[in-house]
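Hello,

Here is the structure I promised to pass on. My notes on what turned up follow below it.

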Amino acid sequence: MDAANPLCRCSLLAVGLVALIGCQSDRTSQLATARGQQPPLDPIAPIAPIAPPANVPPPGPALAPVVGSPVGAFAIDTKGPVVPVGLNGAAKTAVTAADLLRSSVPRVKIVARVGESNVITDQEVIEGVYQQFRELAALDGHARSTKQKEMYNQVLRKTIERELILDEMYTKLKKANKMAIIDEVKELATQSIDRQLRMFRKDTGAKSDEEFAAILRTQGLTVQVIRRQMERQFMAEQYVSSVLKEKGRRAGLADVRAYYDQHQDEFRRPDRVVWQHLFIAVRNYPNAQAAYNQAAALAQQANAGADLAELSVKYDEGFAKQQKGLGAGEKRNEIQPADLEATVWSLRPGQVSDVLQTPTGYHLVKVVERDVAGVQPFDAALQNKIRDKLTRAQMESEYQKLVDELWRKGVVRVFDE
């Protein structure tokens, strides 16, 4: 399931969001064309049941486009009733959302309805497309327009699948008189997404919620829609996870071992090293001996326990200072400068080299981490990694199986002009 300027930072944010909201389904259907609208209604709960507009024919087969624009212009007050707006801006008599959905000109455009309660807005789908901006950035003209329509259809279908699962969850819990569970799932979702959004805000460098929202707007995104997408996807996955648990499907140790034995290449790793570097350039000293004396004094500090990376940030006269002390290259034949290759691979983790001389100066290196080529051992850490992978695969399979079943029996209406 499937940096300096704000725009660039938000670009990185959007990529993270895509992974969190869910990957897109490869199955597409010609459903609608992208067009910007206003933000959706309540970002968590399903919208109240709606009556179809007068000019919309009775429900047809799943995914069959229908004619009409089902939502009217209205002011949104999440704490009170929905109030229609008159031509002079004055509010009319308060009415229900169902009343408004029968007529008038669209402001919040609903592009699909799932079951009797769950609706999907044009804005949510468009923002789902914007979150994949990198797929569009390299395109222009007809190619960009075609790709955007294709992505719109993919996001719409994926969002419909999510709502099908949520509609199933609501229906079953209501029938079992266990609606309190929904509140618990919502609370878990809210807590999880709050944490993630705080992390995203921190990554953008925003100092307030208002600044964070402004950065998102540069990408055509809104906090309300992002929160809705993340929370509802979380809820759908929690439901599928509970279905798996109910069926008793969980990867056991035998399954984990079998996967390990059958996929040895997946766990084969090359020689890898993480190392620190400090360089003293002869050209910066009166003579070679003075440069060597500086390097030797720093080597003494490193061997006495000083952090070589910190020493490098202060005293390095090459490129390591810019890398916070890290040496260049992690694999065989990638170590730079090449004169240090043999020494780097000969050191144990934590070991500091002697002062090394090259034509341009003197070097100190220290190995921080070392992976020896071979198959990773079947230890507890790897077992947990494999178990998580198998569980995720089972969940994805169950998710798709449930979605396919719901497509066949669920009521899905897609509104197209």
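A nonpolar core here means a set of buried Ala, Val, Leu, Ile, Met, Phe, Trp, Tyr and Cys residues joined through side-chain atoms within 4.5 Å. Please keep in mind that this is a predicted model.

The largest such core holds 37 residues, and Ile120, Leu156, Ile160 and Ile165 have the most contacts inside it. Two or more residues each come from β4, α3, α5, α6, α8, α13 and β11, with the largest share, 11 residues, supplied by α5. Another core, of 12 residues, lies apart from it and includes Ile280 and Leu308.

Now to the pocket. The largest one encloses about 350 Å³, and α5, α6 and α8 each give two or more residues to its lining. Helix α8 provides the largest share, 6 residues. By class, the lining has 7 nonpolar, 2 polar and 3 charged residues; among them are Met169, Lys172, Tyr239 and Glu246.

There are 24 salt bridges in the count. One joins Glu163 and Arg228 at 4.0 Å, N to O, linking helix α5 to helix α8 across 65 residues of chain. Glu163 has 0% relative accessibility, so it counts as buried, and Arg228 is buried too, at 4%. Both belong to a salt-bridge network with Glu124, Arg162 and Arg232.

Within α8, Arg227 and Glu231 meet at 2.9 Å; they are 4 residues apart, so about one helical turn separates them. In helix α9, Asp261 pairs with Arg257 at 3.1 Å, and here the partners are partly exposed, Asp261 at 42% and Arg257 at 36%.

Best wishes

Technical notes
Residues are numbered from 1 along each chain as its sequence is written. This is a predicted model: local features need pLDDT of at least 70, side-chain atom pairs count only at pLDDT 80 or more; totals for chains, interfaces and linings use all residues. Side-chain values use heavy atoms; hydrogens and water are left out. Buried means under 20% relative accessible area, exposed over 50%, partly exposed in between (1.4 Å probe, protein chains only). On a 1 Å grid over the protein atoms alone, a cavity is a set of points where a 1.4 Å probe fits but cannot get out, and a pocket is an open set with protein on both sides within 12 Å along at least five of seven lines; lining residues have an atom within 4 Å of a point. Grid points are joined across faces, edges and corners, and a volume is the space filled by probe spheres set on the points. Ala, Val, Leu, Ile, Met, Phe, Trp, Tyr, Cys and Pro count as nonpolar, Asp, Glu, Lys and Arg as charged, and the others, Gly among them, as polar. A salt bridge is a side-chain nitrogen of Lys or Arg within 4 Å of a carboxyl oxygen of Asp or Glu.
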